[in-house]
Amino acid sequence: MREVSERLRRVIAEAEPKLRGTTEEDSGKAALKGGWSRKQVIGHLIDSAANNHQRFVRAALQGSYEGPGYAQDDWVSLQDYQGRKWAELLAFWSAYNRHLAHVIAQLPEDQAGAVCTIGAGEPHTLEWLATDYVDHLVGHLRQIGVA
């Protein structure tokens, strides 16, 4: 789990300065044709952090996790990330992910195999879930041109 934590720390350290270089105006424009803006992508990544935070801690403490997925478009829309200030979103995103990197490093190695089932998805281990979280984050950062 420490390797996953260190990878997340590196991703944040590399992406944060690039994200700070995005203007308020550009942050509100669609990152991909017909897609979310950079604000909405970062908002989605905040939602992903919040949902996975619960999963990581519960799986480690309970030995397994079973819980709901989430309707990402609805979450992004309801929380109106588009209407937020870019600098505020970035500060929250980076702080939350630094915290998650700390949390992941604290997850007991003997719980790495804890089974996690999200919604109707296939069960995966806690280690897989943590790794997939970072992969998901990197995928979206690539989408907006910072990874």
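In the predicted model, helix H3, formed by residues 38-62, lies across strands E1 and E2. The helix runs at about 135 degrees to E1.

The strands beneath this description belong to an open sheet of three strands, arranged in the order E1-E2-E3. Pairing within the sheet is mixed. Strand E1 (64-67) and strand E3 (124-125) stand at the edges; each has a single partner strand, so one side of each is left without a neighbour in the sheet. Strand E2, residues 115-118, pairs with E3 in the antiparallel sense, and two bridges make up this pairing. Within the sheet, Val-115 stands opposite Thr-125 of E3.

Helix H3 and strand E2 also contribute to the largest pocket, in which about 290 Å³ of space lies. The lining of this pocket comprises 16 residues, and those closest to the pocket centre are Asn-52, Arg-55, Ile-118, Leu-129 and Asp-132. The elements that each give two or more residues to the lining are H3, E2 and helix H6, which spans residues 126-143. Of the elements, H6 gives the most, with five residues. By class, the lining of the largest pocket consists of six nonpolar, seven polar and three charged residues.

Taken together, H3 and E2 appear in both parts of this description: H3 lies across E1 and E2, and both H3 and E2 give two or more residues to the lining of the largest pocket.

How values were computed. Residues numbered from 1 in each chain as written. Predicted model: local features only at pLDDT ≥ 70, side-chain atom pairs only at ≥ 80, totals over all residues. Heavy atoms only, no water. Pairing = 2+ DSSP bridges. Helix = DSSP H or I, 4+ residues; strand = E, 2+ residues; numbered from the N terminus. Contact = heavy atoms within 4.5 Å. Axes fitted to C-alpha atoms, helices over the stretch in contact; angles between N-to-C directions. 1 Å grid on protein atoms, 1.4 Å probe; cavity = no way out; pocket = protein on both sides within 12 Å on 5 of 7 lines; lining within 4 Å. Points joined across faces, edges and corners; volume = space filled by probe spheres on them. Nonpolar A, V, L, I, M, F, W, Y, C, P; charged D, E, K, R; others polar.
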